[in-house]
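Let's take a look at how protein and DNA meet in this one. Have the picture open while you read.

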There are 2 protein chains.
Amino acid sequence: MSTEPPGDAEPHAAEGVSPGASGGDIPPAAVGRLSLYLRELRRLAAAGSDHASSRQLGQLLGVSDAVVRRDLAYLKPQGRRGVGYVIRPLVQRIRQTLGSNQVWNVVLLGTGSLGNALLRYQGFQEQGFRWVAAFDIAPERIGTVVQDVPVYHTDQLERRIRELEANLAIIAVPAGATGEIARRLAAAGITGILNFAPVALRVGDEICVANVDLASELQQLAFSVLIAGEPADGKPEKSSLKSSKNP
Amino acid sequence: MSTEPPGDAEPHAAEGVSPGASGGDIPPAAVGRLSLYLRELRRLAAAGSDHASSRQLGQLLGVSDAVVRRDLAYLKPQGRRGVGYVIRPLVQRIRQTLGSNQVWNVVLLGTGSLGNALLRYQGFQEQGFRWVAAFDIAPERIGTVVQDVPVYHTDQLERRIRELEANLAIIAVPAGATGEIARRLAAAGITGILNFAPVALRVGDEICVANVDLASELQQLAFSVLIAGEPADGKPEKSSLKSSKNP
DNA sequence: TAGATTGTTAATCGATTAACAATC
DNA sequence: TAGATTGTTAATCGATTAACAATC
């Protein structure tokens, strides 16, 4: 009955709120940060705090306190003036908003070294995501079980996705195979794809795609270093520039 | 003499331009896309094209043609009206701007499954990044060589970084170890850190940090799926929403 | 009460879009 | 020339900052 995922031992997590409702008008920039607030709030709670201020959260993430307050205000007032935010209900509220309140069944495409690392990555489970299957085409991998997740032949993609009621997919296959895989995922009913292959996925409008291009991340970092080293108009010298994807 | 990295067999890559100069005033949003244009331009070139239009590039990446033209205009006019962009010189210009023209020596911190996957990831080398060392504290890993990259004990971090003239570092260690590692990297002269650990790094202003939080990426995707499923005010139904980190 | 911190406003800054003259 | 596509402008949209009254 409860859709409470593991990992977060919150006593009354499944309260009388419709999970995931009412988040339609939060700006993307704020959504990106909500997930990071969640991370830091949990860390604070684990360290024994039960309150946090916008100033504190802002410093932890490198954003201004005004941004934090604005972001959290999208969740309907949760803070107390003069006091700050009570961590536990705030964590619940953020989870509810982001949809972390419900279980997402995730499949992995490609069990190469990156795919393997993703399966072993602890962070997904901790946020309430559940691996239900992995797919590959290499005969020696099929039938194995990695971190409790069974590896099937990609032939079985459609069947297993339906069977296991998977919602999300993570693609970690070679670039060339990506387009075809994405089409099949969409057709099989997957509603969101996190794509690690260095290609721009063009799929239908009825499926969400987020791309993570590791080489591009490093390249952007290198550029930041470059311009930090040649300030506006002086001689090259170390200068302040804090690049952070979610600033 | 030439600082031409491998991977891109461009004949006259090291022309008489100062590498990496003149990029100080490109907006961050554009920088993020430049690296993706580069990727697609290479693919087009490999497929035999020698010209590309802003419309074509825009469609490949899911952005408007106006954005593409504006972005590329930051590099000083490169296109030809009525024709489009000649791919080869444009690739060179983007590489020069981003600093891909020069070699960046990269060290890896942490050779767990994620670290291993990063070492094996082809994309970094292809963009001109060069692994020079990896560090770990697990005795059984020290002294091994992964993909031609030697694994040293973290004790040797400062010495090896100086010796190998490393510029950039990628952190793939457990969250708890990250702060200390980052401080040491900064002290040792590293100028940029790509951080995969789920913590907000607070380091001095003389070093650039970019964070990649994998769990947060998946969480943002889930949120996109959620609001795509509950359109503005109707009954839940699939709807258009194309989430992409670099839209 | 006094001190602290929120929620929110108005002002600024940055990015995207639409449109079109310039020009290949 | 005619058709195509750039470079760039003006208008719109979105996000951040600074400030402060409200209130715990």
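Ala, Val, Leu, Ile, Met, Phe, Trp, Tyr, Cys and Pro count as nonpolar, Asp, Glu, Lys and Arg as charged, and the others, Gly among them, as polar. With that sorting, the surface near DNA strand C has 7 nonpolar, 8 polar and 9 charged residues, where near means that a heavy atom of the residue lies within 4 Å of the strand. This is a predicted model: local features need pLDDT of at least 70, side-chain atom pairs count only at pLDDT 80 or more, and totals for chains, interfaces and linings use all residues. Residues are numbered from 1 along each chain as its sequence is written, chains are lettered from A in the order in which they are written, and side-chain values use heavy atoms, leaving out hydrogens and water.

So who touches the DNA? Here are three polar side-chain atoms and their partners on DNA strand C.

| Residue | Partner on DNA strand C | Distance |
|---|---|---|
| A:R69 | base oxygen | 2.9 Å |
| A:R70 | base oxygen | 3.2 Å |
| B:R33 | phosphate oxygen | 2.9 Å |

Altogether, 24 residues surround DNA strand C, and A:R69 and B:R33 are among the closest. Of the strand's atoms within 4 Å of the protein, 57% belong to sugar or phosphate and the rest to bases.

Now for the two chains. Helix α5 (residues 113–120) of chain A packs against helix α5 (residues 113–120) of chain B at an angle of about 160°, with the axes 8 Å apart. That makes α5(A) roughly antiparallel to α5(B), a label for angles over 145 degrees.

Conventions
Polar contact = N/O pair within 3.5 Å; in protein donor to acceptor, adjacent residues only side chain to side chain. Axes fitted to C-alpha atoms, helices over the stretch in contact; angles between N-to-C directions. Helix = DSSP H or I, 4+ residues; strand = E, 2+ residues; numbered from the N terminus. Parallel < 35°, antiparallel > 145°, perpendicular 65-115°, else oblique.
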